[in-house]
Amino acid sequence: MSRDLTHGGALDAMGAAYPQAPQPWIDLSTGINPWPYGDTAISGRALANLPTAAGQAACRRAMAAAIGAPAEALVLTPGSELAIRLLPGVIAPRRVALLRPTYGDHGAAWRRAGAALIETEDQLALAGQVDAVVLAQPNNPDGRCFEPGALEAARRALASRGGFLILDEAFADLDPGASLAGRAGADGLIILRSFGKFYGLAGLRLGAVLAPAQVRRALAARLGAWPVSGAALEIGARAYGDAAWQAATRRRLGEAASRLDEVLEQAGLALAGGTSLFRYARVARAHDRFRRLAEAGIYVRRFAWSQHHLRIGLPASAEAEARLVRALSP
């Protein structure tokens, strides 16, 4: 079964591949908050009418305020995944430096566009030599974060040559201080934001691209008049405006990540990084361990490029944690 090697969340495929696994499945593969934002009521007009310009503006303002960005620098998108696929057609760089390892769809998108891809662990050092530097902040899967000053220096170097620093900030809601959202709109800076991971509502498909005006115009033309549903606009505006929920959630996720660390360490897994939504572990014979967990009805993230690492999300309950403990036992 290969779908899990590209993305997590393929529970239907996992069920087919492991039909004897106990039910219900515990999905720890996605890095999505298992305790989602709860106020998801929507008005009848959100479903019956086309999304309005006022609704888009309200969601955009709320998102901008929550992440500390100028609202005029945002283009709303149906999640960040589509933006990753559209960007190569918007800016068309010839040479792209990409962090290794990182979220796989970045490399796939640039390869499809015919860019020459340089995969490295020190891509910021190439800012004076390439047309674009792409990285996630924090990185997925290992949680690596770059110092904002170093990112800003790379942005200036790239902008001076007409290039771009592209930051995937899908997990930046966990640590707002690591974000460059406050610089949104600056020359040479493109930021991708995702709503679904921190707020736990990935099915709404809401995100944004923060970029200079010429990039925003080109992207908006590709997205069309109604890129985001009325339901996503209403719920997104409400969630982004709920500062109390955001602060409480950061505390809750941090505590849950610490508990997961204890579980993994007691099972003999070596912690190698992560964020407070997932942990990245070094594991001997990782694909064999993946299969053992799957046979116990627990779905974690494995990688085609490594037999030594797994990414494991947060169990949503004491019962799920207990099942994970049992499945990890020798």
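Me: Happy to dig into this one with you! Is D173 buried or exposed, and what is its relative accessible area?

Reply: Keep in mind that this is a predicted model. Buried means under 20% relative accessible area. D173 falls under that cut-off, so the residue is buried, with a relative accessible area of 5%.

Me: Nice. Which side chain meets that of D173 in a salt bridge?

Reply: The N to O distance in this salt bridge is 3.0 Å. The partner counts as buried too, at 3% relative accessibility. The side chain that meets D173 is that of R193.

Me: How many residues apart are R193 and D173?

Reply: R193 belongs to strand β7 (residues 189-194), while D173 sits in the loop between β6 (164-168) and β7. The pair therefore links distant parts of the chain, and the separation is 20 residues.

Me: Let's turn to R279 and D261. What is the N to O distance in their salt bridge?

Reply: Both ends count as buried: R279 has 15% relative accessibility, and D261 has a relative accessible area of 14%. Their side chains meet in a salt bridge with an N to O distance of 2.7 Å.

Me: Which elements hold R279 and D261?

Reply: The two residues are 18 residues apart in sequence, so the pair ties together separate parts of the chain. R279 lies in strand β10 (residues 278-282), and D261 lies in helix α11 (residues 243-266).

Me: And R156 with E152: which helix do both lie in?

Reply: Their side chains meet in a salt bridge at 3.5 Å, N to O. R156 is partly exposed at 47% relative accessible area, whereas E152 counts as buried at 14%. The two are four residues apart, about one turn of the helix, and that helix is α7 (residues 148-159).

Me: Which residues are linked with E152 and R156 in a network of salt bridges?

Reply: The structure holds 13 salt bridges. E152 and R156 belong to a network of them, and the other members are R155 and R183.

Me: Now the open sheet of four strands. Which are its edge strands?

Reply: The strand order is β9-β10-β13-β12, with antiparallel pairing. An edge strand pairs on one side only, and the two that do so are β9 (270-275) and β12 (301-303).

Me: What angle does helix α12 make with β13?

Reply: Helix α12 (residues 286-295) packs on the sheet, touching β12 and β13. Those two strands run antiparallel and are joined by two bridges; in one of them F303 has S306 as its partner. The direction of α12 makes an angle with that of β13 of about 40 degrees.

Technical notes: Residues numbered from 1 in each chain as written. Predicted model: local features only at pLDDT ≥ 70, side-chain atom pairs only at ≥ 80, totals over all residues. Heavy atoms only, no water. Salt bridge = Lys/Arg side-chain N within 4 Å of Asp/Glu carboxyl O. Buried < 20%, exposed > 50% of the residue type's maximum accessible area, 1.4 Å probe, protein only. Pairing = 2+ DSSP bridges. Contact = heavy atoms within 4.5 Å. Axes fitted to C-alpha atoms, helices over the stretch in contact; angles between N-to-C directions.
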